[in-house]
Amino acid sequence: MAEPAAKSQLLDVRNLRIEAAAETGHRVTLVDDVSFTLNSGEVLGLIGESGAGKSTIGLAAMGYARAGCRISGGSVVFDGIDLLAAQARRRARTARPDPRARARSARTGRARRKASGHRAVRLPAGTSSTTAP
């Protein structure tokens, strides 16, 4: 009889910590030190009371956090890819836009209007483009 094939590790969550901003401005820990492994072909159920963090953990397992929350510790590896590290690299790339880009965009817009013969007109307060003279 043949042995069953070894199941490959699909999801590995280690020491997950999720925090949220409280109204006082301090951080509140919502999820602390959660770890689990899910192999290919397995099903995992999270059981707990309402508000216990089941959905928050599920979102974090996909590399997401609810608005106002952040994944502040641990690791989430899906199919060999560290989702939190990949997300941090993506944020780092988009966090530093070229400061000259906005100026170039404004200059380009003015140049296009000038070339087309159009000019910008400021409407008086309380009027719309359909009621302006």
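Guide: Welcome! Two strands count as paired if DSSP finds at least two bridges between them, and helices (H or I, at least four residues) and strands (E, at least two) are DSSP runs numbered from the N terminus. This is a predicted model, in which local features need pLDDT of at least 70, side-chain atom pairs count only at pLDDT 80 or more, and totals for chains, interfaces and linings use all residues. Residues are numbered from 1 along each chain as its sequence is written, and side-chain values use heavy atoms, with hydrogens and water left out.

Visitor: How many helices and strands does the chain have?

Guide: There are 3 helices and 4 strands. Following the sequence, they come in the pattern β-β-α-β-β-α-α.

Visitor: What order do the strands take in the sheet?

Guide: The 4 strands form an open sheet ordered E2-E1-E3-E4, with antiparallel pairing. E2 and strand E4 (81-82) are the edge strands, each pairing on one side only. Strand E1 (residues 9-21) is joined to strand E2 (residues 27-39) by 10 bridges, and the two run antiparallel. E1 is also linked to E3 by 8 bridges, again antiparallel.

Visitor: Which residues stand opposite each other?

Guide: Between E1 and E2, Leu-11 faces Leu-38, Leu-16 has Val-34 as its bridge partner, and Ile-18 is opposite Val-31. Towards E3, Glu-19 has Arg-70 as its bridge partner. Where E1 turns into E2, the hairpin has 5 residues between the strands, and Gly-25 there takes a positive phi near 95 degrees.

Visitor: How should I read a positive phi in a residue that is not glycine?

Guide: Most residues other than glycine have a negative phi, so a positive one is worth a look. Two such cases sit in the strands. Asn-15 lies in E1, and its phi is near 50 degrees. Asp-33 lies in E2, with a positive phi of about 60 degrees.

Visitor: Are Asn-15 and Asp-33 buried or exposed?

Guide: The scale runs on relative accessible area (buried under 20%, exposed over 50%, partly exposed in between, with a 1.4 Å probe and protein chains only). Asn-15 is partly exposed because its relative accessible area is 44%. Asp-33 has 48% relative accessibility, so this residue is partly exposed as well.

Visitor: And where is the nonpolar core?

Guide: A nonpolar core is a set of buried Ala, Val, Leu, Ile, Met, Phe, Trp, Tyr and Cys residues joined through side-chain atoms within 4.5 Å. The largest one here has 14 residues, and those with the most contacts inside it are Leu-11, Val-13, Leu-16, Ile-18, Phe-36, Ile-57 and Val-76. E1, E2, H1 and E3 each supply at least two residues of this core, and E1 gives the largest share, 5 residues. Helix H1 (residues 54-61) lies across E1, E2 and strand E3 (69-78), and it runs at about 120 degrees to E1 (the angle, from 0 to 180 degrees, is between N-to-C directions of lines fitted to C-alpha atoms, for helices over the stretch in contact).

Visitor: Which residues does Leu-16 touch?

Guide: A contact means heavy atoms within 4.5 Å. Leaving out residues up to four places away in sequence, Leu-16 touches several residues, among them Val-31, Val-34, Ile-57, Ala-60, Ile-71 and Val-76.

Visitor: Where is Asp-12, and what does its side chain do?

Guide: Asp-12 is found in E1, and it counts as buried because its relative accessibility is 15%. The Asp-12 side chain makes a polar contact with the side chain of Thr-37 at 2.9 Å (a pair of N or O atoms within 3.5 Å; within protein, one must be able to donate a hydrogen and the other to accept it, and residues adjacent in sequence count only if both atoms are side-chain atoms). Not counting residues up to four places away in sequence, Asp-12 also touches Phe-36, Ser-75, Val-76 and Val-77.

Visitor: Why does Gly-63 count as buried?

Guide: Gly-63 counts as buried because its relative accessibility is 5%. Its place is in the loop between H1 and E3. Beyond its neighbours within four places in sequence, Gly-63 is in contact with Ile-71, Leu-83, Leu-84 and Gln-87. Gly-63 and Leu-83 are 20 residues apart in sequence, yet 5.5 Å apart C-alpha to C-alpha.

Visitor: What about the chain overall?

Guide: Of its 133 residues, 17% count as buried. Among contacts between residues at least 6 apart in sequence, 50% join residues at least 24 apart.
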